[in-house]
Amino acid sequence: MLLGKIPFKMMYGGVRMQAVLEYFFCYDRKAQTTIAEHSHSYYELAYYCDGNGTTGIQGEKLTYHAGQYAIYEPGCGHDEYHNGTVKV
């Protein structure tokens, strides 16, 4: 789903962050699927609405659960593995 430009505000480590999301996509990822390592020329915010799995960020594996997010910098290699059905 692409919704256009969306204002975005959040607190991270006591720092207020503000940005405009230019693209917004919502995906339903199937259980036991992998998104191969890749990178982008832009920042990516991945918000995990439900489910759980792992994300690899430049070789380090981190577990994610519903309600958590990851922010990837431009050029940052990352992948995902979905234990069950996940809405991202």
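Two strands count as paired if DSSP finds at least two bridges between them. That rule sits behind the first pair to find: T54 in β6 has Y81 of β9 as its bridge partner. The model is a predicted one, and the tour below goes from the whole chain to single residues.

**Whole chain**

Colour the protein chain by secondary structure. Ten strands and zero helices appear, and the order along the sequence is β-β-β-β-β-β-β-β-β-β. Colouring by accessibility next picks out the buried residues, which make up 22% of the 88 residues in the chain. If you draw contacts with a separation of 6 or more, 57% of them join residues 24 or more positions apart.

**The four-stranded sheet**

Select β4, β6, β7 and β9. These four strands form an open sheet, ordered β4-β9-β6-β7, with antiparallel pairing. At its edges are β4 and β7, each of which pairs on one side only. From one strand to the next the twist averages 15 degrees. Strands of a sheet pair through backbone hydrogen bonds, either parallel or antiparallel.

Start at the β4 edge, residues 33–38. Four bridges hold β4 to β9 in the antiparallel sense. Show T34 and find Y81 of β9 opposite; then show H38, which faces H78 of β9.

Move on to β9, residues 78–82. How much of β9 is covered? Most of this strand is: four of its five residues are buried. Here a residue is buried if its relative accessible area is under 20%.

The next strand over is β6. It runs antiparallel to β9, and five bridges join the two. Besides T54 with Y81, select G56, whose bridge partner in β9 is D79. Y81 can stay selected for both sides of β9, as it stands opposite T34 and is also the bridge partner of T54.

**The β6–β7 hairpin**

Select residues 52–57 (β6) and 60–65 (β7); six bridges join these antiparallel strands. One pair to display is T55, which stands opposite L62 in β7. The two strands form a hairpin with two residues between them.

Centre on Q58, in the loop between β6 and β7. Its phi is near 45 degrees, a positive value in a residue other than glycine. Most residues other than glycine have a negative phi. Is Q58 buried or exposed? Its relative accessibility is 58%, so Q58 counts as exposed.

**A second positive phi**

Go to Q32, in the loop between β3 (28–29) and β4. Q32 is not a glycine, yet its phi is positive, at about 55 degrees. Q32 counts as exposed because its relative accessibility is 54%, and the cut-off for that class is over 50%.

**β5 and β8**

Next select β5 (44–47) and β8 (residues 69–72). These strands are antiparallel and joined by four bridges. Y47 has Y69 of β8 as its bridge partner.

Show the side chains of β8 and look at both faces. In a regular strand the side chains alternate between the two faces of the sheet. On β8, A70 and Y72 make up the covered face, whereas Y69 and I71 make up the uncovered one. Y69, the partner of Y47, is therefore on the uncovered face of β8.

**The largest pocket**

Display the pocket surfaces and keep the largest, with a volume of about 970 Å³. Its lining has 28 residues, and those closest to the centre are Y23, Y43, E44, L45 and A46. By class, the lining divides into 20 nonpolar, four polar and four charged residues.

Which strand gives the most to this lining? Select β2, which supplies five residues. Strands that each supply at least two lining residues are β1 (6–12), β2 (15–21), β4, β5 and β9. Two of these, β4 and β9, were visited above as members of the open sheet.

**Last stop: F24**

Select F24, which lies in the loop between β2 and β3. With 31% relative accessibility, F24 counts as partly exposed. Measure from its C-alpha atom to that of L45: the separation is 9.4 Å, for residues 21 apart along the chain. L45 is among the residues closest to the centre of the largest pocket.

Note on methods:
Residues are numbered from 1 along each chain as its sequence is written. This is a predicted model: local features need pLDDT of at least 70, side-chain atom pairs count only at pLDDT 80 or more; totals for chains, interfaces and linings use all residues. Side-chain values use heavy atoms; hydrogens and water are left out. On a 1 Å grid over the protein atoms alone, a cavity is a set of points where a 1.4 Å probe fits but cannot get out, and a pocket is an open set with protein on both sides within 12 Å along at least five of seven lines; lining residues have an atom within 4 Å of a point. Grid points are joined across faces, edges and corners, and a volume is the space filled by probe spheres set on the points. Ala, Val, Leu, Ile, Met, Phe, Trp, Tyr, Cys and Pro count as nonpolar, Asp, Glu, Lys and Arg as charged, and the others, Gly among them, as polar. Axes are lines fitted to C-alpha atoms, for helices over the stretch in contact, and angles run from 0 to 180 degrees between N-to-C directions. Buried means under 20% relative accessible area, exposed over 50%, partly exposed in between (1.4 Å probe, protein chains only). Contact means heavy atoms within 4.5 Å.
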